[in-house]
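Grab a pencil and work through the exercises below. Try each task yourself before you read its solution.

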Amino acid sequence: MDFLTEFPSLGRRDLSALRQAIDGAFRNFTRAYGEGIEAFFDPLLRFMIWFERLLIHAPWPVVIAVLAGLAWLGSRSWKITAGTVAAFLAIGWLGMWENTMSTLAIISVATFLCIAIGIPIGILMARYNRAQTLITPVLDVMQTIPSFVYLIPVVMLLGIGKVPGLLAVCIYALPPIVRLTNLGIRLVDTEVLEAATAFGASTREKLWGVQIPLALPNIFAGVNQTIMMALSMVVIASMIGVQGLGVPVLRAISNQYLALGLMNGLAIVALAIIFDRVSQTYGKRLQSYKDQGHG
Amino acid sequence: MADDVTEPKIRIRNLYKIFGEDPAAALAQVQAGASKAELLETSNHVLGLRDINLDIPAHGLQVIMGLSGSGKSTLIRHFNRLIDPTAGEILVDGEDVMAMNDTALRDLRRFKMSMVFQKFGLLPHRTVQQNVEYGVHIQGLSDDEAQRRAARWIDRVGLAGFEQHYPGQLSGGMQQRVGLARALATDADILLMDEAFSALDPLIRTDMQTVLLDLQAELQKTIVFITHDLDEALRIGDSIAILRDGEVVQAGDPQAIIMDPADAYITDFIKDINRAKVIRIRSIMVPGPGGGQGAPVRTSQTIEEILGVLHDSPDGVCPVIDKAGKTVGTISMNAVIGALESRKTAEVARYS
C-alpha cells in the first residue's frame, strides 16, 4: 500500500547528495575556468563601459540629434522622428537621462550580439533539418526557463556586473531572431530557388542572392522581437548589477514608490515603442517591391 | 548539319524515376513489369517515369505532352538534373550528365541549358533588368556584358521601357517575357520550357507562342517544351512525345500522331482537335507523278487552306507540289473527307 500512496522518490539523503555533487562540480568548474572565461569576456566588458560612457558623457543635444537621425533613416517618417525627439526630451526633463542612456547602451550591444550570433544559427537551421531538430528544443528552453534559474550559474561563474547581465539578456532575446531567420529562409518560394539552381547558381550564390534577400522581412521581424525581449529583461538584469532604468524600478518595488516605478517603467515603454516603430517601418520599406501594383 | 542526324543533342536512355523510400528495390519490381498502381499498392512507391527513351535533335522544338501527373515536369527536370533519375542515361552533346560532378553540372546549367518556368520563377526583389542579367552574372561575365545582353533581350521580347519595373508590377504575360529573356540572355543552346505558357490567358498564350516561334526561326536553339495543351503542342512542335503515367505512349512527327494514333488513349486525346486546321497535305496526299485538273497545292498547307481550291477542281483532284515547286503527288476530295472523318479512314484515303 505504501507504494501507491507514497511516490517512490530518491530519499532526502540521496537527493541532497546529488544536489551537492552537482553544485560542487559546478563550483569546481567555476574555480578552474572562471578567470579564463572572465578574461574571454573582458574586451566585451571594456567595449560596453566605453559605449555607456560615450552615451552618458556626450552632450545631450548631440545624442538626441543622432537618435533622431537614426529614427529618420530607419522609418523615413517625420511623425516617428518627432515622437522620438519628444520622448527623449521628456525622459531627460524627468531626470532619467543617465539611466536611459545606460539601458540604451546594453540593449544596443545585446541586440548587436544577438544578430551576430542568431542569424548564422538560423541559416544553419534552415540548411540542415538535423540542426533544426537539435536547436529548436534549446531555443524552447531559453525562452521558457525562468530567468532567475540561469542567473544563478551565470552569477556564480562571472559574478555581478555588466557581462553576466548582458548574457542574461541575450539568452532570453536570442531565440526570436534565430527562429525567424530559419522560418524566413524556409519560406522562400521553391520555384524561385529552383530557377536559381537551374541557372547554375552555387549554394553560396543562392544563399546571398536569393534566400537571404527574400527572407529579410522575416529576419527583420526577428530583430524587432529580439529588441523587444531585450528591453523586457532590463529590470531582471538590474538585479545582477546592470545600471539603467531597471535599478530605480527595482528600488520602487522594494520601497513601494509608485511614481518612481511608473516613470521609469514608462521610459522603458517609450524606448520599446520607438525601437518597434522604427524597425517595423524599416522592415516594411525592405519589401516595398511587393506593394507596388501593376504598372 | 548532317552530324545532327546521327548525334542527337539530347539523348535519354532507359530512364526510370521512382519516388519513395527505397527506389532501388522498387525499380526491380517495375522492371519486372509492375504497373504504377501495383507499385503504389504493394510498396508505397510512386512511379514517376518508366523506361523513357527519347532522342532530341539539335535545332528542333521537341514538345513533351501529357496531362497532369503524367510525369512531364519530372522528365524535363532530369535534363539538367534538378531531379536525379533512379536509373538510366542522359546524354547532352554526347556527354553523360549522370557522370558529372558538381562543378561540371553547374557549368552545364550555366552555359548549355537555360530554363523557363510555369510560374516564372523570377526574383521578386530585383528589377526586370536585374532578373535578365541574373544568368549572365552567374556565368561570371562582367557587369557591362550582362547589361548589354539584358538590354538586347529585353528589347527583343518587347519589354523595352520596363527595365526598372519589379516583376510584381507586370502582368503574367510580361513576367513570362522576362523569364524568356532571362533564359535567352545566357546564350545557352538548349532551352527547357516547363509549361511556360500554361499559366497565361489563351490570347496571351497564343501571343507568346508567336514570340517563341519567331525567336526560334532566327535562333535555331534546341527547345524542349512541356505542355498539357494539345493545340499548343501541334502549333509549335517539330516533334511531339506523349507521356502517360510516366511512359512515352507515342513520339514523333505531329502529323503522324494525328493520322495514326498509337492507341485508344491518344485517339481519345486528339478527337476534339480541329483536324482541318492541323492536318497538312503531305500527310494525306497520294505520292506519284501528279494529275488532277485543279490548281496545284503545296505539301505544307493544311486541309482548311486548300478546301476552296480542291472544290473548284472539276474532277476533285489537285496536284501537290513541294517547296521547290516540283510535283510530288495528288490530293483528292475523298482523301480530305476521309482525313477529316476519323483515324481509320485515313488509311482508306491513302489508297483511294
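## Exercise 1: Where the chains meet

In this two-chain assembly, 30 residues of chain B are in contact with 21 residues of chain A, where contact means heavy atoms within 4.5 Å. Before going on, keep in mind that this is a predicted model, where local features need pLDDT of at least 70, side-chain atom pairs count only at pLDDT 80 or more, and totals for chains, interfaces and linings use all residues. Residues are numbered from 1 along each chain as its sequence is written, chains are lettered from A and ligands numbered from 1 in the order in which they are written, and side-chain values use heavy atoms, with hydrogens and water left out.

**Task.** Work out how much area chain B and chain A bury between them, and which residues of chain B lose the most area to chain A.

**Solution.**
- Step 1: The size of an interface is often given as the accessible area lost when the parts come together. Buried area here is the accessible area (1.4 Å probe) that two parts lose on being put together, summed over both.
- Step 2: For chain B and chain A the value is about 2,200 Å², with 62% of it on carbon and sulfur atoms.
- Step 3: On the chain B side, His125(B), Tyr134(B) and Gln169(B) lose the most, together 24% of what that side buries.

## Exercise 2: A portrait of chain A

**Task.** Find out how many helices and strands chain A has, and what percentage of its residues count as buried.

**Solution.**
- Step 1: Helices (H or I, at least four residues) and strands (E, at least two) are DSSP runs, numbered from the N terminus. Chain A has 14 helices and zero strands.
- Step 2: Buried means under 20% relative accessible area, exposed over 50%, and partly exposed in between (1.4 Å probe, protein chains only). Of the 295 residues in chain A, 44% count as buried.
- Step 3: Now the dimensions: along the principal axes, the C-alpha atoms of chain A fill a box of roughly 80 × 60 × 45 Å.
- Step 4: Look at the contacts in chain A with a separation of 6 or more: 77% of them come from residues 24 or more positions apart.

## Exercise 3: A helix under cover

**Task.** How many of the 11 residues of α6(B) are buried, and what do the buried ones pack against?

**Solution.**
- Step 1: Nine of the 11 residues are buried, so α6(B) is mostly covered.
- Step 2: Among the buried residues are Val128(B), Tyr134(B) and Ile138(B). You met Tyr134(B) already, as one of the residues that lose the most area to chain A.
- Step 3: The packing partners come from both chains: α9 (190-198) and α10 (203-232) of chain A, together with α5 (102-112), α7 (143-156) and α8 (172-185) of chain B.
- Step 4: After α6(B) comes Gly140(B), with a positive phi near 90°.

## Exercise 4: Phe120(B) in its loop

**Task.** Is Phe120(B) buried or exposed, and which residues does Phe120(B) touch?

**Solution.**
- Step 1: Phe120(B) sits in the loop between β6 (113-116) and α6 (128-138) of chain B.
- Step 2: Its relative accessible area is 11%, so Phe120(B) is buried.
- Step 3: Leaving out residues up to four places away in sequence, Phe120(B) touches Glu191(A), Gly172(B), Gln175(B), Gln176(B), Arg182(B) and Leu200(B).
- Step 4: Take Gln176(B): this residue is 56 residues from Phe120(B) along the chain, yet their C-alpha atoms are separated by 5.8 Å.

## Exercise 5: Asp194(B) and what follows

**Task.** Why does Asp194(B) count as buried, and which side chain makes a polar contact with that of Asp194(B)?

**Solution.**
- Step 1: Find Asp194(B) in strand β7 (residues 190-194) of chain B.
- Step 2: Asp194(B) counts as buried because its relative accessibility is 3%.
- Step 3: A polar contact is a pair of N or O atoms within 3.5 Å; within protein, one must be able to donate a hydrogen and the other to accept it, and residues adjacent in sequence count only if both atoms are side-chain atoms. The side chains of Asp194(B) and Arg77(B) are joined by one of 2.8 Å.
- Step 4: Move on to Glu195(B), in the loop between β7 and α9 (202-219) of chain B. Its phi is near 45°, a positive value in a residue other than glycine, and with a relative accessible area of 7% Glu195(B) is buried.
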